[in-house]
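I opened the notebook today to look up a few local features, one at a time. Here is what I went through, in the order I did it.

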Amino acid sequence: ILQNLKRSCIFLCFDYAVFLKPTSGARQEPDESQQKQLEKADFLIRRVSWDFCRFPYRASKTMSQIFHRSTNTLAKASIYGAVFIIVLIGYVSWQVNQSSYFTYVHRPLPQPVPFSHEHHTAQLGIDCRYCHTSVESSWYAGIPPTHTCMSCHSQIWTNAAMLEPVRESYRTDKSILWARVNALPDFVYFNHSIHIHKGIGCTTCHGQIGKMPITWRAHTLYMRWCLNCHNHPERYVRPKKDVFDAVYNPPSDQLAMGRRLVKKYKIKSLTSCDTCHR
């Protein structure tokens, strides 16, 4: 670039000098004004020739470097570091979103009475519908009223300290304030009855409830988890006689059996938005 600039400046000054000289006719002496212009052009030619021919890198050496050479490395490191931080924030956010701290999966909640599904369903053999009376006919499975509890506990464990909140509720006619474990957002519509009648059992959503001494959430209940079942119902459907089995385990031929039951129960893979968001 400097060499080309040198040649351009020399030719420019040379042409400027030639332009002032007469191109035809007898040679004439330049007047005072032309003489000054010729001297100026000659000075420029000498100056440019001196600066660029003898010291071709003089111009670059006169300007000091603004940034330190390490600035390039720091700039690259900043770009890569910003990308890494963005990816790290996304990964941490995803992990927090999946953790039990956020989803409450496998995280028992404190309850006013330590009710054990394991004891009542698996050990005593009480059917789910004895307490959740509306599960077959309503969107809401139902929380048993206190007199349902007292139908048994007015006869057995009548003086147990842990059951005092139940007895107090029965005496005062005030409901027990249970902490809801499997709660869905208000914008989600879920109907227990249709799932029960299509062969989706309690443990499919609530986990092995017959093995829970204290109830906890077994799944995230996120939309992608629901869609996984809606897209592949053959993986989860079971015979209707086993719907309320609290310790049910799928058989080894679940997929083959599931495909038969999907046709038999006329199960449709409903994945449109208005199925759950009404």
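Before starting I fixed my terms: I call a residue buried when its relative accessible area is under 20%, exposed when the area is over 50%, and partly exposed in between. I also kept in mind that this is a predicted model.

**Entry: salt bridges in α9**

I began with arginine 167. Is arginine 167 buried or exposed? Its relative accessible area is 14%, so I put arginine 167 down as buried, the cut-off being under 20%. I then looked for its charged partner and found a salt bridge with glutamate 164, where the closest N and O atoms are 3.0 Å apart. Both residues sit in helix α9, which covers residues 164-172, and they are 3 residues apart, about one turn of the helix.

Glutamate 164 has a relative accessibility of 30%, so I noted glutamate 164 as partly exposed. Glutamate 164 also forms a salt bridge with arginine 171, with the closest N and O atoms 2.9 Å apart. Arginine 171 is exposed, at 57% relative accessibility.

Elsewhere, salt bridges with shared partners link Asp127, Arg129 and Glu136 into one network. I reminded myself that side chains of opposite charge can pair when their charged atoms come close. Within that network I looked up the pair aspartate 127 and arginine 129, whose side chains meet in a salt bridge at 2.9 Å, N to O. Aspartate 127 is partly exposed at 32% relative accessibility, and arginine 129 is partly exposed at 32% as well. How many salt bridges did I end up with by this rule? The count comes to 5.

**Entry: positive phi**

Next I checked backbone angles. Most residues other than glycine have a negative phi. Histidine 106 has a positive phi of about 55 degrees, although it is not a glycine. Where did I find histidine 106? I found histidine 106 in the loop between α5 (100-103) and α6 (117-123). Histidine 106 has a relative accessible area of 56%, so I wrote it down as exposed.

Lysine 266 is another case, with a positive phi near 55 degrees in a residue other than glycine. I placed lysine 266 in the loop between α13 (254-264) and α14 (273-276). Lysine 266 counts as exposed because its relative accessibility is 66%.

**Entry: helix α6**

I then moved to helix α6, where I looked at histidine 119 and threonine 121. Histidine 119 is partly exposed, with a relative accessible area of 32%. How many residues apart in sequence are histidine 119 and methionine 212? They are 93 residues apart in sequence, and their C-alpha atoms are 8.5 Å apart in space.

Threonine 121 counts as buried, at 15% relative accessibility. A polar atom of its side chain lies 2.4 Å from the backbone oxygen of histidine 117. Leaving aside residues up to four places away in sequence, threonine 121 touches Ile126, Ile209, Gly210 and Ala246.

**Entry: nonpolar cores**

In soluble globular proteins, nonpolar side chains tend to be buried together. Which residues make up the largest nonpolar core? I listed 8 residues: Ile200, Val237, Tyr248, Met257, Leu261, Val262, Tyr265 and Ile267. From that list I followed up methionine 257, which touches Val237, Arg238, Pro239, Tyr248 and Pro251, not counting residues up to four places away in sequence. Apart from the largest core there is another core, of 7 residues, including Cys128, Ile196, Cys202 and Phe244.

**Entry: a nonpolar patch on the surface**

Last, I turned to the surface. I found a nonpolar surface patch of about 1100 Å², made by Phe84, Ile85, Leu88, Ile89, Tyr91, Val92, Trp94, Val96, Tyr101 and Phe102. Which elements give two or more residues to the patch? Those elements are α4 (70-98) and α5. The largest share, 8 residues, comes from α4. I picked phenylalanine 84, which lies in helix α4, for a check of its own. Phenylalanine 84 has a relative accessible area of 54%, so I entered it as exposed.

Conventions. Residues numbered from 1 in each chain as written. Predicted model: local features only at pLDDT ≥ 70, side-chain atom pairs only at ≥ 80, totals over all residues. Heavy atoms only, no water. Helix = DSSP H or I, 4+ residues; strand = E, 2+ residues; numbered from the N terminus. Buried < 20%, exposed > 50% of the residue type's maximum accessible area, 1.4 Å probe, protein only. Patch = residues over 30% accessible without salt bridge, like charges linked within 9 Å, V, L, I, M, F, W, Y side chains within 5 Å. Areas by Shrake-Rupley, 256 points an atom, 1.4 Å probe, with all protein chains shown as cover. Salt bridge = Lys/Arg side-chain N within 4 Å of Asp/Glu carboxyl O. Polar contact = N/O pair within 3.5 Å; in protein donor to acceptor, adjacent residues only side chain to side chain. Contact = heavy atoms within 4.5 Å. Core = buried A, V, L, I, M, F, W, Y, C linked by side-chain atoms within 4.5 Å.
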